[in-house]
Amino acid sequence: MISFRNVSKVYNGNVKALDRVSLQIDKGEFVFIVGASGAGKSTLIKMMYREETPSSGQVFVLGKDLAKMRKREVPYLRRRIGVVFQDFKLLKDKNAWENVAFALEVTGTPRREVNRRVTQVLNMVGLLDRRNAFPNELSGGEQQRIAIARALVRNPDILLADEPSGNLDPKTAMEIFAILERVNLYGTTVVVATHAHDIVDNLRKRVVELREGAIVRDERRGAYHY
Amino acid sequence: MRLLGYIFSQTFRSIWRNKLSSFLSSLTTGFALFLLGISFLVSINLGFMYEMAETQMEIQAYMDKEATQTQLASAVSQIREIPGVAEVKFVSKEDALEELKEMFKDKASVLDSLEEDNPLPPSVRIKTAGAEHIPAVVEALQAFDIVDDVMYQEEVSRRLVQIGKAVQYLSLGGMLVVGLVSVMVIANSIRLTIDARRQEIGIMKLVGATDGFVMTPFLFEGVLLGFLGSAIGTGFAVWVYNWVAMKIAEFIPFMPIVGLDPDALWQMFGIMALTGVMVGLAGSAFSVRRHLRV
């Protein structure tokens, strides 16, 4: 599903963000990427939806070699990948429903299909009754749930999350991870970069630790620390 | 269909959001196209005047009234041989009278009396290959014994041609400058729209919108601004033209001014709209390339 082969990424000629990373993530896995700030977690995630390309090495996602992928093919890759961020990235002038529907509208999905899918995912994140609220009327946890709904509305093969609970209190963070776990149960591959020790320790999923751009640990049922 | 609806609603929303800059872009484009319109109208009139001038560029050689047919025929063939002569038309005494009758249609009966004793001389009308040949041809004609008199209006026609060219170059230069400015103004207006929607564009690309889908509303916005500009420009140009034509008719009644019929108006608007749309497309394409980085 996702495969990194000896991937390095160098910014501005000398800042090394990733250092010969090789990583295999299979269909249906739930993987935590952990490590200190600047360890390369975000770069790793960005390469998976081709926001970044490697300086050397190969990245395969959904059977495609992303380094060789043409620019105009990228949108079609992204339609199969949902992405969630620390800062939610919701549009302030659209309400919850519209924010989620937006992801379908920009690819010309018929209205009937949009209605069906949006209802379904809002229901899944438990916010169907808040569908008319605007982002500034929603709590941080609710906003992130909307963002997750948007990432899921296309029924992606992969869900990527970069610090999804970074701006949330521990209890709300727990709710968010519960949703991610449920998404994974339905078969979607989930990759989460996070700092949330407790949750990583609790969930006992695969843990990949990065230090200065290199993988220093990859455990099947790991914890945040050794 | 759904995409089209989306693009339209996006376009109108962003034009509305940047009312002032949109309005200014259209106005600037309108001004550029106003110059285009005026120069179009002026060139219609110049073309009309030039046609009239061309007939005046004819040299008329009046022949001896007593000349015989054979003498005239040989003179005509000799005139044909003069270097620079393009066209030679012989007008007999009878032809000349017919023309005169044609000119004074309603008083033709007065001229009937002339049929008995036609006082008009036969003449030869000569067109040259260009105004520059006129002096030499005139000189050669004057050397013929059979030629009584030579008439031509070289100066008038040459001036007219010169003025026409100057006006066209001048308006072309002005149009280019203002056209370039309006491309830039539209580009700036589109940049504002792009800036206002940068976050939205980022999310669109994140969820898999194609570059074409992201760009189209901006290109469409530029086209629409250019089209609005062409409407402003046409309206203003027609208004100014009619006003000037009215004033000219008032003060210089003999000066020929081409009236604007609906056909000419549509033709002009067509040219203006096409130019406006292209200017708008150029401006927005420039901005999209520069600031969207899709």
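## A phenylalanine and its neighbours

Leaving aside residues up to four places away in sequence, A:Phe4 touches A:Val21, A:Ser22, A:Leu23, A:Leu44, A:Met47, A:Met48, A:Gln58 and A:Val59. Keep in mind that this is a predicted model. A:Phe4 belongs to strand S1 of chain A, and with a relative accessible area of 2% it is buried.

Take one of those neighbours, A:Leu44. Along the sequence, A:Phe4 and A:Leu44 are 40 residues apart. In space, their C-alpha atoms are 9.3 Å apart.

## The sheet around strand S1 of chain A

Where does strand S1 of chain A sit in its sheet? The sheet is open, has four strands and follows the order S2-S1-S4-S5 (chain A), so S1 has S2 on one side and S4 on the other. The pairing is antiparallel. Strands S2 (15–25) and S5 (64–65) of chain A stand at the edges; each has a single partner strand, so one side of each is left without a neighbour in the sheet.

Now look at the S1 to S4 pairing. Strand S1 (residues 2–11) and strand S4 (residues 56–61) of chain A run antiparallel and are joined by five bridges. If you want a spot to look for on screen, try A:Ser3, whose bridge partner in S4(A) is A:Phe60.

There's a helix to add to this picture. Helix H1 (residues 41–48) of chain A lies across S1, S2 and S4 of chain A. H1 runs at about 120 degrees to S1(A).

## Chain A as a whole

Stepping back, chain A has seven helices and 10 strands. Of its 226 residues, 55% are buried. Contacts in chain A also reach across the sequence: among those between residues at least 6 apart, 67% join residues at least 24 apart.

## A helix that is mostly covered

Helix H5 (residues 140–152) of chain A is 13 residues long. From its first C-alpha to its last it reaches 18 Å, close to the 18 Å expected at 1.5 Å a residue. How many of its residues are buried? The count is 12 of 13, so H5(A) is mostly covered, with buried meaning under 20% relative accessible area. Among the buried ones are A:Glu142, A:Arg145 and A:Arg150, along with A:Ile146, A:Ile148 and A:Leu152.

What does the covering? From chain A, the cover includes strands S6 (81–85) and S7 (158–162), plus helices H3 (96–105), H4 (111–124) and H6 (170–185). Chain B joins in too, with its helix H8 (198–206).

## A one-faced helix in chain B

Over in chain B, helix H3 (residues 69–81) has 13 residues and reaches 19 Å from first C-alpha to last, close to the 18 Å expected at 1.5 Å a residue. Its buried residues are B:Leu72, B:Ala75, B:Val76 and B:Ile79. Looking down the axis of H3(B), you'd see these buried residues fall within an arc of 100 degrees, so they line one face of the helix. On the other side of H3(B), B:Thr70 and B:Glu81 are exposed.

The buried residues of H3(B) pack against strands S1 (59–63), S2 (85–91) and S3 (123–128) of chain B, and against helix H6 (134–142) of that chain. The strands in that list are paired with one another through S3(B). S1(B) and S3(B) pair in the antiparallel sense over four bridges, and B:Tyr62 has B:Ser123 as its bridge partner in S3(B). S2(B) and S3(B) also run antiparallel, joined by six bridges; here B:Glu87 has B:Lys127 as its partner in S3(B). Five of the six residues of S3(B) are buried, so this strand is mostly covered, again taking under 20% relative accessible area as buried.

## Aromatic pairs

Across all chains, a search of the whole structure turns up eight aromatic pairs. One of them is B:Trp266 with B:Phe269, an edge-to-face pair at 6.2 Å centre to centre with 70 degrees between the planes. These two sit three residues apart in helix H10 (residues 262–291) of chain B, so about one helical turn separates B:Trp266 from B:Phe269. Are they buried or exposed? B:Trp266 is exposed, at 61% relative accessible area, while B:Phe269 counts as partly exposed at 23%.

There's also a cluster to look up: ring pairs link B:Phe31, B:Phe34, B:Phe236 and B:Trp239.

How values were computed
Residues numbered from 1 in each chain as written. Chains lettered and ligands numbered in written order. Predicted model: local features only at pLDDT ≥ 70, side-chain atom pairs only at ≥ 80, totals over all residues. Heavy atoms only, no water. Pairing = 2+ DSSP bridges. Contact = heavy atoms within 4.5 Å. Axes fitted to C-alpha atoms, helices over the stretch in contact; angles between N-to-C directions. Expected span 1.5 Å × (residues − 1). Buried < 20%, exposed > 50% of the residue type's maximum accessible area, 1.4 Å probe, protein only. Arc of directions from axis to C-beta. Phe/Tyr/Trp six-rings, centres within 6.5 Å; stacked < 30°, edge-to-face > 60°.
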